[in-house]
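Please open the structure in your viewer and keep the sequence panel visible. The tour below proceeds by selection, one stop at a time.

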Amino acid sequence: MSVHDELRSVQRCLDDLTRSVGRLEQQMGSGGLDMRRVRTDTEHLRESVAILREAASSPAAIARPDLVTIPDTPYDDSLWIDTDDEGLGARDRRAP
């Protein structure tokens with residue numbers, strides 16, 4: 001399945017969940033803290049799926065950045081000339 005098919009499937013399930021929460025709310029009432037929490041969580045899921053759908057439809061989601069290979073060989077010591085050792089200060093001076 002493609003990403004768009006999966007997102008459509010998630011959206012259908014979320015629509016079913018929203019309808020079920022609505023029916024449950026009619027039966028139990030909407031005044032309780034637990035029911036408000038379930039309704040709020042359902043709304044958050046709906047917003048999250050909408051964000052995922054936007055991200056999946058943008059061209060940036062398709063194009064992944066190039067990976068940078070970091071060699072296992074040690075760095076050249078000349079990179080560290082005139083640098084301070086963290087917490088120790090410069091090499092030629094005493095630490096306070």
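The stops below lead from the whole chain to its helices, its charged pairs and a patch on its surface.

**The whole protein**

Begin with the entire chain displayed as a cartoon, bearing in mind that this is a predicted model. The protein has three helices and zero strands. Followed along the sequence, these elements give the pattern α-α-α. Next, switch on the surface display. The accessible surface is about 8,800 Å², and carbon and sulfur atoms account for 55% of that area. Of the 96 residues, 10% count as buried. Contacts between residues at least 6 apart in sequence may also be considered: 54% of them join residues at least 24 apart.

**Helix α2**

Select residues 33-57, which make up helix α2. This helix has 25 residues, and the distance from its first C-alpha to its last is 36 Å, close to the 36 Å expected at 1.5 Å a residue. Within α2, colour M35, T42, V49 and A56, which are buried.

Now centre the view on T42, a residue of helix α2. Is T42 buried or exposed? T42 counts as buried because its relative accessibility is 7%, which falls under the 20% limit for that class. Which residues does T42 touch, apart from those up to four places away in sequence? They are L14, L17, T18 and V21.

**Salt bridges within helix α1**

The structure holds four salt bridges, and three of them are visited here. Side chains of opposite charge can pair when their charged atoms come close.

Select R8 and D5 and show their side chains. These side chains meet in a salt bridge, at 2.4 Å from N to O. Both residues belong to helix α1 (residues 3-28), where they are three residues apart, about one turn of the helix. An α-helix has 3.6 residues a turn, so residues three or four places apart point the same way. R8 is partly exposed, with a relative accessible area of 41%, and D5 is likewise partly exposed, at 28%.

Move along to D16 and R19, whose side chains form a salt bridge with an N to O distance of 2.3 Å. D16 and R19 are separated by about one helical turn because they are three residues apart in helix α1. D16 has a relative accessible area of 41% and is partly exposed; R19, at 46%, is also partly exposed.

**A salt bridge between two helices**

Select E25 and R39. How far apart are the closest N and O atoms of this salt bridge? The distance is 2.8 Å. E25 lies in helix α1 and R39 in helix α2, so the pair ties together parts that are 14 residues apart in sequence. E25 is buried, with a relative accessible area of 18%, whereas R39 is partly exposed at 27%.

**The nonpolar patch**

For the last stop, return to the surface display and select V68, I70, Y75, L79 and W80. These residues form a nonpolar patch on the surface, and their accessible area together is about 610 Å². Where does V68 lie? V68 is located in the segment after α3 (59-62). V68 counts as exposed because its relative accessible area is 72%, and the class begins over 50%.

Notes. Residues numbered from 1 in each chain as written. Predicted model: local features only at pLDDT ≥ 70, side-chain atom pairs only at ≥ 80, totals over all residues. Heavy atoms only, no water. Helix = DSSP H or I, 4+ residues; strand = E, 2+ residues; numbered from the N terminus. Expected span 1.5 Å × (residues − 1). Buried < 20%, exposed > 50% of the residue type's maximum accessible area, 1.4 Å probe, protein only. Contact = heavy atoms within 4.5 Å. Areas by Shrake-Rupley, 256 points an atom, 1.4 Å probe, with all protein chains shown as cover. Patch = residues over 30% accessible without salt bridge, like charges linked within 9 Å, V, L, I, M, F, W, Y side chains within 5 Å.
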